[in-house]
Amino acid sequence: MVHKLSILILVFCFGLTTFAQDAYMDASAEEKEKTYSGGEAYDVKTFTQEFKSEKPKNIILLIGDGMGITQVFSGITANKGHLFLENCKHIGFSKTQSADKFITDSAAGGTALSTGTRTYNGAIAVDMDKKPLKTILEAAEENGLATGLVSSSAITHATPASFIAHQPQRSMYEEIASDFLKTDIDVFIGGGRDHFIARKDNVNLVDKLIEKGYRYEEDMNNVKKVKKGKLVALIDDVHPGRLSERGDMLPVATKTAINILSKNDKGFFLMVEGSQIDWGGHASSTIYIVEDMLDFDKVIGKALEFAAKDGETLVVITADHETGGMAITGGVTKEGIVKAEYPTKGHTAVMVPIFAYGPGAKEFIGIMDNTDVHDKMKSLLLGN
Ligand code: MG
Ligand code: ZN
């Protein structure tokens with residue numbers, strides 16, 4: 001009896017110690033992620049503020065998912081004082097609330113930006129009655145412009161999906177993939193291959209895309225060589241990995257898309273999403289946020305470089321919502337150190353910044369609804 005009891009106590013104590021150790025390790029790993037301890041800074045170019053036209057021929061919309069002002073400032077600090085983003089002299093704020101929730105998700109947030117209509121959380125370019133809403137990408141296509149979508153998540157994920165698909169729920173990835181074939185989009189680059197080729201209905205959507213005249217690629221080394229035509233690049237089964245795995249995929253994909261789309265004489269509409277800033281916020285990870293914020297700023301650099309040379313391109317940079325309630329609680333600018341705390345693992349309700357560069361940029365000054373961002377872009381690009 002005594003023997004059994006001591007074994008029981010021994011097992012119990014051993015269990016308790018391992019449990020306490022695991023909890024301690026998790027907590028300390030999470031604490032470590034809250035401090036970005038600096039890295040190589042990159043040079044930030046200054047671009048012209050003189051443009052050829054009053055109205056844009058092209059629009060490049062850059063969405064940093066979960067990118068609030070704190071995420072932006074974490075990037076400024078980590079890059080030792082400056083970002084490409086600072087070339088934008090016209091700055092405003094967007095109220096992000098959805099039709100049914102004070103705190104939006106990326107589907108309703110994306111739909112507000114893509115269609116100018118507020119809807120319920122989870123909706124992909126459909127209204128409260130689940131009726132399809134025309135997106136700015138679809139309207140641009142109808143007007144003969146070239147169009148493209150690029151993201152560092154699955155291309156079927158909520159943000160890019162809300163520019164091209166119409167589905168009652170964001171989780172309907174295979175239905176969303178099918179919607180890509182109902183359009184004439186010229187370029188799309190991201191993850192989400194499984195949703196096109198490993199489907200419940202056994203239909204191979206990549207074969208169908210090739211039949212429709214698209215070039216299909218899975219490797220960024222091939223993607224970056226493409227200069228014209230229609231291009232589909234699905235570079236991962238689902239989501240591209242973190243920056244350490246995916247490398248410069250997003251800036252390279254952006255540059256490739258701009259190269260291809262700018263061949264169209266009538267102009268183009270391109271949306272690029274820095275998808276994973278949001279995931280860093282959900283993980284309370286300053287390291288993750290900073291990595292993806294700086295990657296997104298390099299995308300901004302590519303867009304601004306083209307716009308500065310072209311003189312007829314408007315670049316609009318904004319977010320769908322903030323994630324994590326990120327608060328910067330410490331840092332050293334000259335060393336690029338950033339420390340932050342997070343009161344939530346979810347999204348927050350706060351306004352997000354809008355930065356604009358190029359013809360029409362002054363329209364984006366002030367406080368506006370997320371739907372106004374769509375309305376202004378559409379009237380500048382298509383005149384209605
Ligand atoms: Mg997203
Ligand atoms: Zn999120």
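**Aromatic pairs and metal sites**

Phe196 has a relative accessibility of 0% and therefore counts as buried, the cut-off for that class being under 20%. This value, like the others reported here, was computed from a predicted model. Phe180 is likewise assigned to the buried class, because its relative accessibility is 0%.

A search of the whole structure returned nine aromatic pairs. One of them joins Phe180 to Phe196 in an edge-to-face arrangement, with 5.8 Å from centre to centre and 65° between the planes. Distant parts of the chain are linked by this pair: Phe180 belongs to helix H6 (residues 173-180) and Phe196 to helix H7 (residues 194-197), a separation of 16 residues. Both rings also belong to one aromatic cluster, which is made up of Phe180, Phe188, Phe196 and Tyr214.

The burial of Phe180, at 0% relative accessibility, can be set beside that of a further pair. The ring centres of Phe268 and Phe306 are 5.9 Å apart and the planes meet at 50°, so this pair is classed as tilted; the edge-to-face class would require an angle over 60 degrees. Because Phe268 is located in strand E8 (residues 268-274) and Phe306 in helix H13 (residues 286-310), the pair ties together parts that are 38 residues apart in sequence. Phe268 and Phe306 are both buried.

A ring is also involved in a contact with a charged side chain. Arg242 is placed over the face of Tyr288, 3.9 Å from the ring centre. Arg242 and Tyr288 are both touched by Gln276, whose other contacts, leaving aside residues up to four places away in sequence, are Ser152, Pro240, Gly241, Arg246 and Asp292. Gln276 is found in the loop between E8 and helix H12 (277-282). With a relative accessibility of 1%, Gln276 is counted as buried, since the class covers values under 20%. A polar atom of the Gln276 side chain lies 3.3 Å from the backbone oxygen of Gly241.

Two metal sites were examined. At the magnesium ion (ligand 1), coordination is provided by Asp65 (OD), Thr159 (OG1) and Glu273 (OE), at 2.0 to 2.3 Å. The donor residues of this ion follow the sequence spacing D-x93-T-x113-E. Thr159 and Glu273 link distant parts of the chain, the former in helix H5 (residues 158-161) and the latter in strand E8, 114 residues apart. Both Thr159 and Glu273 are buried.

The zinc ion (ligand 2) is bound through Asp278 (OD), Asp278 (OD), His282 (NE2) and His347 (NE2), at 2.1 to 2.3 Å. Angles among the four donor atoms of the zinc ion (ligand 2) run from 57 to 150°, and the site is irregular. A tetrahedral assignment is excluded because it would need all angles between 85 and 135 degrees. For reference, the ideal angle for four tetrahedral donors is 109.5 degrees. The donor residues of the zinc ion (ligand 2) show the sequence spacing D-x3-H-x64-H. Asp278 and His282 are both part of helix H12, where they are four residues apart, or about one turn of the helix. The two residues are assigned to separate accessibility classes: Asp278 is buried, with a relative accessible area of 5%, whereas His282, at 29% relative accessibility, is partly exposed.

Definitions and conventions
Residues numbered from 1 in each chain as written. Chains lettered and ligands numbered in written order. Predicted model: local features only at pLDDT ≥ 70, side-chain atom pairs only at ≥ 80, totals over all residues. Heavy atoms only, no water. Phe/Tyr/Trp six-rings, centres within 6.5 Å; stacked < 30°, edge-to-face > 60°. Helix = DSSP H or I, 4+ residues; strand = E, 2+ residues; numbered from the N terminus. Buried < 20%, exposed > 50% of the residue type's maximum accessible area, 1.4 Å probe, protein only. Lys NZ or Arg CZ within 6 Å of the ring centre and 35° of its normal. Polar contact = N/O pair within 3.5 Å; in protein donor to acceptor, adjacent residues only side chain to side chain. Contact = heavy atoms within 4.5 Å. Donors = N, O, S within 2.8 Å, 3.2 Å for Na, K, Ca; no water. Tetrahedral: all angles 85-135°; square planar, octahedral: opposite > 155°, others 65-115°.
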